Amino acid sequence: ERLEIGRTLRKIQGKWTLTLWEPGSYKTYDTYGDQTIPIKPDWVEELLDKWITEHRPYYQPNHNFVFLTTKRDSKTGKCGQKIGRGAINVIVGSAVSNATNKYCTPQLIRSAIVEFFKDKDASDETLESLAWLMAHSREMQNKVYDKRTSDKKAQRAQNSIEDFANSYPSV
């Protein structure tokens, strides 16, 4: 809801970049400070550019926020109004549902990313970097976004113990 062209989303050297440089630009700014994050992968950046430069102007918004209403308001007859977080969750959920037949929120996407890296045995440095990118501590990353089952979380240790035990000749 706070993704604003020219403020928290800027083109830097021809690439769309999250520019979280001021208090209030994201909820944990006081903890993590300034962040400059290029939009990745390239195909996402290309879709964002197309939305901003080609499709968004059609709705004639009177603000610089990326997300806006695309249907005319029944009372005012206007579209292009700023939308809030709840509407963004619905938009993301609908888009993912249309593509996968599964409903998903931005928070579930974050959980899926954290779980993907943990399941791939990402290094501590990678997980620390991911936590920073998400503007969270590793503790918060584990507490909020790691939704793996206890069995899944223990699997790596169990495999390591088995490897250790198998490294000794049988008695």
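How many aromatic pairs does the structure contain? In this predicted model, the count comes to four aromatic pairs. One of them joins phenylalanine 116 and phenylalanine 117, whose ring centres lie 5.5 Å apart; because their planes meet at 85°, the pair is classed as edge-to-face. Phenylalanine 116 is partly exposed, with a relative accessible area of 47%, and phenylalanine 117 is likewise partly exposed, at 29% relative accessibility. An edge-to-face arrangement is also found for phenylalanine 164 and tyrosine 168, since the planes of these rings stand at 75° with their centres 5.2 Å apart. Both partners of this pair are exposed: phenylalanine 164 has a relative accessible area of 53%, and tyrosine 168 has a relative accessibility of 52%. In addition, Trp51, Tyr58 and Tyr59 are linked by ring pairs into a cluster. A charged residue is also placed against an aromatic ring, with lysine 82 lying over the face of phenylalanine 65 at 4.5 Å from the ring centre.

Helix 4 was examined next. This helix spans residues 106-119 and comprises 14 residues. The distance from its first C-alpha to its last is 20 Å, close to the 20 Å expected at 1.5 Å a residue. Ser111, Val114, Glu115 and Lys118 are buried in helix 4. These residues lie on the same side of the helix, because they cover an arc of only 100° around the axis. In an α-helix there are 3.6 residues a turn, so residues three or four places apart point the same way. The buried residues of helix 4 pack against two other helices, namely helix 5 (124-133) and helix 6 (138-145). Just after helix 4, aspartate 121 adopts a positive phi of about 55°.

The loop between helix 5 and helix 6 contains histidine 136 and serine 137. Histidine 136 has a relative accessibility of 12% and therefore counts as buried, the limit being under 20%. Serine 137, by contrast, is partly exposed, with a relative accessible area of 29%. When neighbours within four places in sequence are left aside, histidine 136 is in contact with Tyr32, Arg110, Ala131 and Tyr145. With residues up to four places away in sequence not counted, serine 137 touches Tyr32 and Ala131. The C-alpha atom of serine 137 is separated by 29 Å from that of lysine 102, a residue 35 positions away along the chain.

The buried nonpolar residues form separate cores. The largest nonpolar core has eight residues, namely Leu3, Ile5, Leu9, Trp16, Ile39, Leu48, Ile52 and Val66. Within this core, the surroundings of leucine 9 were examined in detail. Neighbours within four places in sequence aside, leucine 9 is in contact with Leu3, Glu4, Trp16, Thr17, Leu18, Thr19, Ile39, Leu48, Ile52 and Val66. A second core, separate from the largest, consists of five residues, among them Leu130, Met134, Val144 and Tyr145. Tyr145 is also one of the contacts of histidine 136.

Conventions. Residues are numbered from 1 along each chain as its sequence is written. This is a predicted model: local features need pLDDT of at least 70, side-chain atom pairs count only at pLDDT 80 or more; totals for chains, interfaces and linings use all residues. Side-chain values use heavy atoms; hydrogens and water are left out. Rings of Phe, Tyr and Trp (its six-membered ring) pair if their centres lie within 6.5 Å; planes under 30 degrees apart count as stacked, over 60 as edge-to-face and the rest as tilted. Buried means under 20% relative accessible area, exposed over 50%, partly exposed in between (1.4 Å probe, protein chains only). A charge sits over a ring if NZ of Lys or CZ of Arg is within 6 Å of the ring centre and within 35 degrees of the ring normal. Helices (H or I, at least four residues) and strands (E, at least two) are DSSP runs, numbered from the N terminus. The expected span of a helix is 1.5 Å times one less than its number of residues. The arc is that of the directions from the helix axis to the C-beta atoms. Contact means heavy atoms within 4.5 Å. A nonpolar core is a set of buried Ala, Val, Leu, Ile, Met, Phe, Trp, Tyr and Cys residues joined through side-chain atoms within 4.5 Å.
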